[in-house]
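Please walk through this structure with a focus on its side-chain contacts. Take the aromatic rings and the charged groups in turn.

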Amino acid sequence: MNDARTPHPSPLPARGDREPGASEAGEGRSGDGIWHNVRLAPDTLDDPSLASANAIVVRNAAIAWLGDERAIPRDLATMPRHDGHGALVTAGLVDCHTHLVYGGDRAGEFALRLAGASYAEIAARGGGIVSTVRATRAASEDELYAAASARLAYLLADGVCAIEIKSGYGLDLATERKQLRVARRLGEANGVTVRTTFLGAHALPPEYAQRADAYVDHVCDEMLPALAEEGLVDAVDAFCEAIAFSRAQTERVFEAAERLGLPVKLHAEQLSDMDGAALAAAHHAVSADHLEHLSQRGIDAMRDAGTVAVLLPGAFYVLRETKRPPVEALRAAGVPIAIATDHNPGTSPLLSLLTAMHMACTLFGLTVPEMVAAITRNAARALGIEATHGVLGIGRPANFVLWTIDGVDALAYWLGRRPVGTIVRMGRIVTSTPTTGER
């Protein structure tokens with residue numbers, strides 16, 4: 001623990017010095033104190049007038065003050081000091097769409113796609129989501145936790161301070177519960193904000209073959225109420241697509257969520273235009289995700305409802321899609337855009353939000369300011385946590401990253417470099433690397 005006798009804490013071991021699979025449980029020191037000699041990126045400040053600020057004060061794991069170091073209030077001025085060595089500071093990143101908890105992998109299916117098989121063809125052969133369902137059902141909760149912990153470590157090392165984790169690889173009550181319990185454990189063990197999403201309507205399980213409506217009944221009447229009662233569900237999602245669930249079936253899932261007071265979101269318009277985004281907007285969805293085939297009707301509905309467009313360049317890249325989301329039309333309509341890894345074993349085995357950011361700029365044409373908003377304030381909004389995450393402001397939890405770069409444009413520029421100096425997550429210093437040298 002830092003105190004007045006140790007005003008300049010020695011750096012913690014760099015994340016790159018250890019295998020990222022190691023658990024962070026118990027790791028980290030209090031981040032309380034004065035973070036000075038820093039440059040606050042105006043892109044993630046809730047008050048743009050503080051763009052010249054060079055200090056952040058953290059007290060009781062929350063941001064107590066930020067501004068010019070010379071103006072720190074007297075009652076805070078004697079707190080321990082943390083020298084930022086001129087680092088750029090942004091709000092902690094938010095990965096607002098992942099499927100992090102699952103059994104096995106699908107590297108073999110990736111090889112099939114390289115050989116020319118389509119997503120739908122692989123699913124028809126018994127692959128795709130259902131193959132991961134088999135592996136996830138067979139794995140114990142501890143096995144799922146160990147595997148997901150190793151994956152999560154990579155995302156946390158990128159500066160992620162809040163993350164969504166979906167279920168949807170169980171498709172039965174026991175396994176969906178197991179996935180969501182693991183997601184909760186991951187948040188508690190790693191000191192990271194985890195928002196859980198129930199995705200029971202992800203695919204049709206084998207035992208319900210040719211009985212999709214009966215399975216939707218099971219999702220709405222049994223699975224969702226039970227999991228919500230256990231406090232395991234923060235939001236509800238569905239996969240509205242020809243190979244998954246129809247618009248009418250999706251609406252039944254939304255109605256079940258609404259009866260329980262849970263917000264909804266949707267995998268929409270990834271492979272075809274099912275008018276899912278407009279349906280999601282009609283139910284005041286916090287987000288509609290993928291959106292390669294999004295229509296102007298869907299864009300207008302999302303704009304009117306305030307629904308966030310979550311773009312997933314990892315899946316676009318792995319599936320070798322050619323129709324990109326209508327970024328220009330979303331921009332023109334003023335629909336907020338977020339970016340996420342969509343980490344999953346089948347179509348986006350991506351474990352770097354930094355890489356997703358670069359890909360969103362190069363593949364989808366996002367500008368640097370749009371990219372920064374997409375992994376901070378807009379991503380937080382897509383999870384319904386914009387009041388606490390995504391920007392730096394007084395009273396918010398202390399989630400921020402010190403970067404060894406000159407400006408935010410470098411976050412879009414580098415590939416394969418992780419310019420993270422220090423991460424303060426939930427008020428704890430969890431990663432610290434040297435901030436001297438190249439910037």
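What follows covers ring pairs, charges over rings and salt bridges. The model is predicted.

Start with the rings. The model holds 6 aromatic pairs. One of them joins Phe316 and Phe364. Their ring centres lie 5.0 Å apart, and the planes meet at 80 degrees, which makes the pair edge-to-face. Phe316 sits in helix 10 (residues 313-318) and Phe364 in helix 12 (residues 353-364). The two parts are 48 residues apart in sequence, so the pair ties them together. Both partners fall below the 20% cut-off for buried residues. Phe316 has a relative accessible area of 7% and is buried. Phe364 is at 0% relative accessibility and is buried. Elsewhere, Tyr208, Tyr215 and Phe245 make up one aromatic cluster.

Rings also meet charges. Arg151 lies over the face of Tyr102, at 3.6 Å from the ring centre. Arg185 lies over the face of Tyr145, and here the distance to the ring centre is 4.1 Å. Arg185 has another role in the contact map: a network of salt bridges links it with Glu141, Asp142 and Arg181.

Now turn to the salt bridges as a group. There are 23 salt bridges in the model. Asp275 pairs with Arg247, and their closest N and O atoms are 3.2 Å apart. Asp275 is in the loop between strand 10 (265-268) and helix 8 (276-282). Arg247 belongs to helix 7 (residues 247-259). The two residues are 28 residues apart, and the pair links distant parts of the chain. How buried or exposed are the two partners? Asp275 counts as buried, at 18% relative accessibility. Arg247 counts as partly exposed, at 29%.

A second bridge stays within one helix. Asp300 and Arg303 are both in helix 9 (residues 296-305). Their closest N and O atoms are 3.3 Å apart. The residues are 3 apart in the helix, so about one helical turn separates them. Asp300 is partly exposed, with a relative accessible area of 26%. Arg303 is partly exposed too, at 39%.

A third bridge runs between helices. Arg331 forms a salt bridge with Glu370, and the closest N and O atoms are 2.5 Å apart. Arg331 lies in helix 11 (residues 327-333) and Glu370 in helix 13 (residues 368-374). These residues are 39 residues apart, and the pair links distant parts of the chain. Arg331 counts as partly exposed, at 35% relative accessibility.

Terms used:
Residues numbered from 1 in each chain as written. Predicted model: local features only at pLDDT ≥ 70, side-chain atom pairs only at ≥ 80, totals over all residues. Heavy atoms only, no water. Phe/Tyr/Trp six-rings, centres within 6.5 Å; stacked < 30°, edge-to-face > 60°. Helix = DSSP H or I, 4+ residues; strand = E, 2+ residues; numbered from the N terminus. Buried < 20%, exposed > 50% of the residue type's maximum accessible area, 1.4 Å probe, protein only. Lys NZ or Arg CZ within 6 Å of the ring centre and 35° of its normal. Salt bridge = Lys/Arg side-chain N within 4 Å of Asp/Glu carboxyl O.
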